Structure formats: C-alpha cells, structure tokens
Amino acid sequence: VPTPNLDFVKWQERDQKAVLIIQSSLTKEAMVEVLGLSTAMDVWTALEKAYRHDSIERMQTLRDSLRQLKKGTSSVFEFGRKSRSICEQLSAIGYPVDDSATRP
C-alpha cells in the first residue's frame, strides 16, 4: 500500500492557499491571465509575463482596450475611471498616452 508523502501534501496545501491569495487580489482583467493555472508558480509566472515592463503584447492589449472603450450605459464617473486606469497602466509600463493626439 503506497503511503502519501506528508511533506508533499503540506506543500500542496500551502501552494493552493498561495494561489487563492494571489487570485483574490487580482482584477477581472488580470484574472483572465491565470485562468486554468493550478500552482502558485504558474500563476506568478503568467502574471509576470503579462505585466512585465517590456511587454509589447501588454501595451498593445491596453491600447486596444482604450480604443474600444465606450461609455455605453456606464456613468461618466465609471467611464472616466476605466479610461484613467488603462492610461495609468500604460504609463506604468513605459508607454504613456500622449493627450495631444486627442486634441483637435
């Protein structure tokens, strides 16, 4: 009869707690990056890849999100919050939005 490795069982429990802690702190947008991942290492690595400073993919995704942003039924406050959040994320990764491009 095989006996379980108690150290591995403890590690697995701690790892799952870490996954839950990381996931509980993520935004909806960030959660998409880690769907289906099961270990804290996998989650952390996926987040690092998606949000690292030099991520061209991240920059393009954020710029697309900003271009496609529509007020729709949201309040002016909510629309402004969303657009400001995207602009701040772009700035944080070294691609600030040039507001002169939006002026006539």
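Modeller: Contact here means heavy atoms within 4.5 Å. By that cut-off, and leaving out residues up to four places away in sequence, V43 touches V19, I22, V34 and L37.

Colleague: Before we go on, what sort of model is this?

Modeller: It's a predicted model, where local features need pLDDT of at least 70 and side-chain atom pairs count only at pLDDT 80 or more, while totals for chains, interfaces and linings use all residues. Residues are numbered from 1 along each chain as its sequence is written, and side-chain values use heavy atoms, with hydrogens and water left out.

Colleague: OK. What makes V19, I22, A30, V34, A40, V43 and L47 a nonpolar core?

Modeller: Two conditions: the residues must be buried Ala, Val, Leu, Ile, Met, Phe, Trp, Tyr or Cys, and they must be joined through side-chain atoms within 4.5 Å. Buried means under 20% relative accessible area, exposed means over 50%, and partly exposed is in between (1.4 Å probe, protein chains only). Those seven residues make up the largest nonpolar core. Helix 1, helix 2 (28-34) and helix 3 (40-51) are the elements that each give two or more residues to this core, and helix 3 gives the most, with three. There's also a second, separate core of five residues, including L62, I86, L90 and I93.

Colleague: How do you decide what gets called a helix?

Modeller: From DSSP runs: H or I over at least four residues for helices, E over at least two for strands, numbered from the N terminus. Helix 1, for instance, spans residues 6-24 and holds W11; D15 is in helix 1 too.

Colleague: Back to that second core. Why is L62 called buried or exposed?

Modeller: L62 has a relative accessible area of 4%, which is under the 20% limit, so L62 is buried. L62 lies in helix 4. Leaving aside neighbours within four places in sequence, L62 is in contact with I86, Q89, L90 and I93. The C-alpha atoms of L62 and S85 are separated by 9.9 Å, with their positions 23 residues apart along the chain.

Colleague: And how do you know that D15 has no salt bridge?

Modeller: A salt bridge needs a side-chain nitrogen of Lys or Arg within 4 Å of a carboxyl oxygen of Asp or Glu. For charge signs, Lys and Arg count as positive and Asp and Glu as negative; His and the chain ends are not counted. The nearest side chain of opposite charge to D15 is R14, 10 Å away, so the 4 Å test fails. D15 is buried all the same. Beyond four places in sequence, D15 touches S38, T39, A40 and M41.

Colleague: How many salt bridges pass that rule?

Modeller: Two. D64 and R67 have their closest N and O atoms 2.5 Å apart, which is within 4 Å, so that pair qualifies. Both lie in helix 4 (residues 56-68), three residues apart, about one turn of the helix. E78 and R81 meet at 2.6 Å, N to O, so they qualify as well. That pair sits in helix 5 (residues 76-92), three residues apart and separated by about one helical turn.

Colleague: What makes R67 exposed, and what is D64 called?

Modeller: R67 has a relative accessible area of 60%, over the 50% line, so R67 is exposed. D64, at 32%, falls in between and is therefore partly exposed. In the other bridge, E78 at 23% counts as partly exposed, and so does R81 at 36%.

Colleague: Last one: why is the group of F8, V9 and W11 called a surface patch?

Modeller: Patch residues must have over 30% relative accessible area and no salt bridge; like charges are joined within 9 Å, nonpolar side chains (Val, Leu, Ile, Met, Phe, Trp, Tyr) within 5 Å. F8 has 42% relative accessibility and counts as partly exposed, and W11 has 44% and gets that label too, so both clear the 30% threshold. The patch comes to about 280 Å² and is nonpolar. Accessible areas come from the Shrake-Rupley method with a 1.4 Å probe, and for residues only the protein chains shown count as cover. F8 lies in helix 1, with its C-alpha atom 42 Å from that of S65.
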